[in-house]
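Colleague: Could you take a close look at one part of this model for me, the surroundings of a single serine and the loops around it? I would be glad of the cut-offs as you go.

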Amino acid sequence: MLNTSESFREILYRRYRSELGENCVGSPDNPYLRRLARTHFPTERISRICDLGCGTGALLRSLQDLGYRNLEGVDRSPFQVEHRLSGAVRLGDGLNCLEGKDPGSLEVIVTFDVIEHLTRSELLEWAESVSRVLAPGGRWIVHAPNAAGIFGGRIRYGDLTHEICFTGQSLRQLASVAGFKAVQVYEDKPTVHGVLSGVRRLVWEVGRLPFILLLASETGEWRNCVLSQNLTAVFYK
């Protein structure tokens with residue numbers, strides 16, 4: 001029986017589950033996570049990194065394998081923490097974790113598939129807290145649903161706890177009001193790690209061209225089109 005004193009979101013979070021398999025993004029062997037770790041993180045292996053809403057810690061495990069040492073991850077799902085892949089993972093709330101940290105105490109903060117679960121007011125509170133905790137030159141790495149994606153609705157409405165999705169423009173607005181110097185937005189193209197994934201990447205590159213042409217015909221803008229279901233954004237302090 002449902003506890004009627006709990007909010008809708010609390011009920012779903014309490015029962016939240018994620019796939020645990022070799023081919024899902026929750027595996028440290030996932031090619032996308034390896035690419036993310038090599039592409040968007042500082043080269044200094046002593047960088048202080050915190051992954052908020054880290055799930056089982058697959059990204060943290062990938063970073064450990066690359067030699068990063070100062071790692072921390074929190075997740076509010078007991079199920080995911082119980083199945084953690086890294087000793088850096090602990091049970092906790094992301095915002096509470098930020099509020100307990102000193103200003104400028106971290107070089108990198110990660111929210112992978114997290115901020116789409118926040119209301120607009122909560123999003124601004126998180127962004128301002130991230131900005132406070134990051135050291136000058138630090139970065140906030142975000143993975144979130146792309147409102148401008150060709151099939152972006154599959155992600156936006158694929159989870160009942162999703163509140164919002166994003167575009168490059170809305171993320172630039174967020175960066176401006178939260179005190180970040182800049183934000184770079186990247187398309188989540190298929191990661192090439194073999195013949196089949198190489199074919200998928202080729203099909204993606206060719207298939208996106210008609211959409212770019214349509215957008216250019218309407219707006220006159222064709223550069224920096226991010227059309228994937230999800231996007232990756234890096235905010236710079």
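Modeller: Happy to; what follows starts at Ser105 and then moves on to two loops, a surface patch and the aromatic rings. This is a predicted model, in which local features need pLDDT of at least 70 and side-chain atom pairs count only at pLDDT 80 or more, while totals for chains, interfaces and linings use all residues. Residues are numbered from 1 along each chain as its sequence is written, and side-chain values use heavy atoms, with hydrogens and water left out.

Ser105 sits in the loop between helix H5 (94–99) and strand E4, which spans 106–112. Helices (H or I, at least four residues) and strands (E, at least two) are DSSP runs, numbered from the N terminus. Ser105 counts as buried because its relative accessibility is 18%; buried means under 20% relative accessible area, exposed over 50%, and partly exposed in between, with a 1.4 Å probe and protein chains only. Leaving aside neighbours within four places in sequence, Ser105 is in contact (heavy atoms within 4.5 Å) with Arg48 and Val133. The side chain of Ser105 also reaches the backbone oxygen of Asp102, at 2.7 Å. Measuring C-alpha to C-alpha is another way to place this serine: Pro136 is 31 residues away in sequence and 9.7 Å away in space.

At the other end of E4, the loop leading to helix H6 (120–133) holds Asp113. Asp113 is not a glycine, yet has a positive phi of about 60°. With 30% relative accessibility, Asp113 counts as partly exposed.

Asn224 likewise has a positive phi of about 60° without being a glycine. Asn224 belongs to the loop between helix H10 (209–219) and strand E7 (230–236), and is exposed, because its relative accessible area is 76%.

On the surface, Val195, Val199 and Val203 form a nonpolar patch with about 300 Å² of accessible area together. Patches are made of residues with over 30% relative accessible area and no salt bridge, with like charges joined within 9 Å and nonpolar side chains (Val, Leu, Ile, Met, Phe, Trp, Tyr) within 5 Å. Val199 lies in helix H9, residues 195–207, and counts as partly exposed at 44% relative accessibility.

Lastly, the structure holds five aromatic pairs, that is, rings of Phe, Tyr and Trp (its six-membered ring) whose centres lie within 6.5 Å. Trp140, Phe180 and Phe235 form one aromatic cluster.

Note on methods:
A polar contact is a pair of N or O atoms within 3.5 Å; within protein, one must be able to donate a hydrogen and the other to accept it, and residues adjacent in sequence count only if both atoms are side-chain atoms. Rings of Phe, Tyr and Trp (its six-membered ring) pair if their centres lie within 6.5 Å; planes under 30 degrees apart count as stacked, over 60 as edge-to-face and the rest as tilted. Accessible areas come from the Shrake-Rupley method with a 1.4 Å probe; for residues, only the protein chains shown count as cover. A salt bridge is a side-chain nitrogen of Lys or Arg within 4 Å of a carboxyl oxygen of Asp or Glu.
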